[in-house]
Amino acid sequence: MNLFGDALAWITDGAHWGGPGGIDHRVVQHLLVTFAAVALAAVLALPLGILIGHTGRGRLVVVALAGAVRAVPTLGLLTLLGLALGIGIQAPLIALVALAFPSLLAGAYAGIEAADRGAVDAARAVGMSEWQLVTRVEIPLGADVILGGIRAATLQVVATATLAAYISDTGLGRYLFSGLKSRQYDQMLAGALLVAALALVLDLTMAALQRASRPTTRKVPS
Amino acid sequence: MGIEFRDVGKTYPDGTVAVTGFSCTVPSHRTLALVGTSGSGKTTLMRMVNRMVEPTTGSVLIDGRDVRELDKVALRRSIGYVPQAGGLLPHRRVVDNVATVPVLTGTPRRAARDAALALLERVGIDPALGRRYPAQLSGGQQQRVAVARALAAEPNILLMDEPFGAVDPIVRRGLQDQLLQLQAELGKTIVLVTHDIDEAFRLGDEVVILRTGGIVAQTGTPKEIVAAPADEFVRDFIGADRAERALRTVDVDGRSVVVDGDGRPVGVLE
């Protein structure tokens with residue numbers, strides 16, 4: 001329990017705030033890496049997932065592929081990429097994109113497929129173009145599930161972004177790696193607590209967003 | 001506007017034959033009822049009119065023009081469509097559901113909403129319900145909204161796919177009355193799909209009875225079909241041997257009382 005107190009004391013110590021290695025600076029870095037990875041993965045995975053969900057084509061191939069990517073251990077991938085690309089943020093970023101991709105893809109096609117088929121068929125029959133169907137019917141109706149995918153991906157990435165410090169001086173993972181090496185366990189635990197707190201805050205934010213995307217559609221008759 | 005089915009057939013890629021060699025003409029302002037059991041291809045036939053299904057043989061013509069020459073989306077917007085069980089967009093308010101097509105075709109939203117409210121009133125829905133979401137209405141109300149949506153773009157043709165199949169008999173009766181009244185005022189060309197022969201007889205000017213595989217068992221006005229069922233299948237389908245179809249009159253104190261096959265009184269002959 002003493003270690004826990006030490007860790008909290010370490011976090012609240014003013015000397016560890018401000019400046020290039022400060023907690024505030026590293027939190028921002030950590031968040032930036034997380035958002036960049038999720039955003040990059042989303043640019044690739046969401047359109048692909050929406051296309052699969054809308055057309056019902058290519059599902060098996062892409063799902064198998066995403067499953068294979070999911071099975072790749074992030075640390076192993078990071079090491080490989082690090083060897084190829086060298087020290088810096090590129091390798092961790094790519095590894096995190098690969099981590100986020102499957103959840104985003106699954107959320108996107110599952111969300112589109114979950115849209116009420118009767119409503120989609122009727123919307124097509126009254127004269128919506130395929131693009132209008134996707135943007136005005138399928139995405140709004142699937143938003144809940146799509147956001148669920150983004151939420152899951154964000155949670156995975158914010159936790160795993162700790163590994164960015166393995167290969168570059170970025171994010172909160174730095175406290176863990178250097179604390180481990182120098183046996184400063186208060187610093188190490190402080191880093192872990194900060195990552196956990198960040199993950200919690202992000203997840204709660206995403207949960208609120210997800211709730212907000214569920215408008216009145218499922219309200220029971222008054 | 002007339003609709004012509006010219007020797008159309010539909011075979012799905014898996015080899016299922018939905019329709020074979022179907023020909024029929026629906027004159028303008030008339031109602032054609034396609035009736036048959038499930039698997040009779042009636043919905044397939046109806047969906048060929050707005051190209052939701054493309055025939056594998058033959059063609060469908062509207063006013064003499066093959067629908068394949070027309071742009072799919074523009075064609076569908078010009079035809080009213082009432083699907084089974086409403087098919088309303090659950091995330092949009094009732095009034096916006098009705099205004100869907102006018103908004104797509106560029107009517108300003110406010111004008112489209114005003115027109116939608118007037119249409120709701122016309123199909124018997126309190127315009128105050130326009131602010132609600134479809135899930136907050138009863139099944140019968142949702143069907144009325146679907147009819148209003150189909151009428152919103154002022155189409156000449158209406159396609160109705162078992163429009164009243166999902167509601168209870170009393171509500172269905174009310175909806176049918178409403179449709180008959182609307183049709184008397186508007187004079188649309190209607191293709192209606194149903195499995196309910198009584199509905200087909202009530203609403204259809206012309207009735208086509210289909211058997212499995214989209215083969216026509218009989219075509220005619222309701223009167224013609226009741227008077228002379230073509231074969232055993234049709235007799236059976238329309239329930240020609242049911243007590244309520246075999247009416248006769250008996251004389252009661254000088255008045256002709258109509259009774260059914262079981263002798264139960266149905267009404268008085270004027």
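The questions and answers below concern a predicted model and take up its helices, two backbone positions and the division of one chain. Local features need pLDDT of at least 70 and side-chain atom pairs count only at pLDDT 80 or more, while totals for chains, interfaces and linings use all residues. Residues are numbered from 1 along each chain as its sequence is written, and chains are lettered from A and ligands numbered from 1 in the order in which they are written.

Reader: How are H5(A) and H7(A) oriented to each other?
Author: Helix H5 (residues 90–114) and helix H7 (residues 130–160) of chain A, both DSSP runs (H or I, at least four residues) numbered from the N terminus, pack with their axes 7 Å apart and at an angle of about 165°. Axes are lines fitted to C-alpha atoms over the stretch in contact, and angles run from 0 to 180 degrees between N-to-C directions. Since angles over 145 degrees count as roughly antiparallel, under 35 as roughly parallel, 65 to 115 as roughly perpendicular and the rest as oblique, H5(A) and H7(A) are therefore roughly antiparallel.

Reader: Is A:Arg183 buried or exposed?
Author: A:Arg183 lies in the loop between helix H8 (173–181) and helix H9 (185–212) of chain A, and its phi is near 55°, a positive value in a residue other than glycine. A residue is buried if 20 or more other C-beta atoms, placed from the backbone, lie within 10 Å of its own, exposed if 12 or fewer, and partly exposed in between. Because A:Arg183 has 8 C-beta neighbours inside 10 Å, this residue counts as exposed.

Reader: Which exposure class does B:Glu162 fall into?
Author: B:Glu162, whose phi is near 40° and thus positive in a residue other than glycine, is placed in the loop between strand S7 (157–161), a DSSP run (E, at least two), and helix H7 (169–186) of chain B. With 19 C-beta neighbours inside 10 Å, B:Glu162 counts as partly exposed.

Reader: What is the helix content of residues 188–209 of chain A?
Author: An unreviewed UniProt entry lists residues 188–209 of chain A among the spans given as "transmembrane region", an annotation that may be inferred rather than shown by experiment. The end C-alpha atoms of residues 188–209 lie 32 Å apart, strand makes up 0% of the span, and its helix content is 100%.

Reader: What distance separates the centres of domain 1 and domain 2 of chain B?
Author: Chain B is divided into domain 1 (3–241) and domain 2 (242–270), with bounds from an automatic or database domain assignment. Taken over C-alpha atoms, the distance between the two centres is 35 Å.
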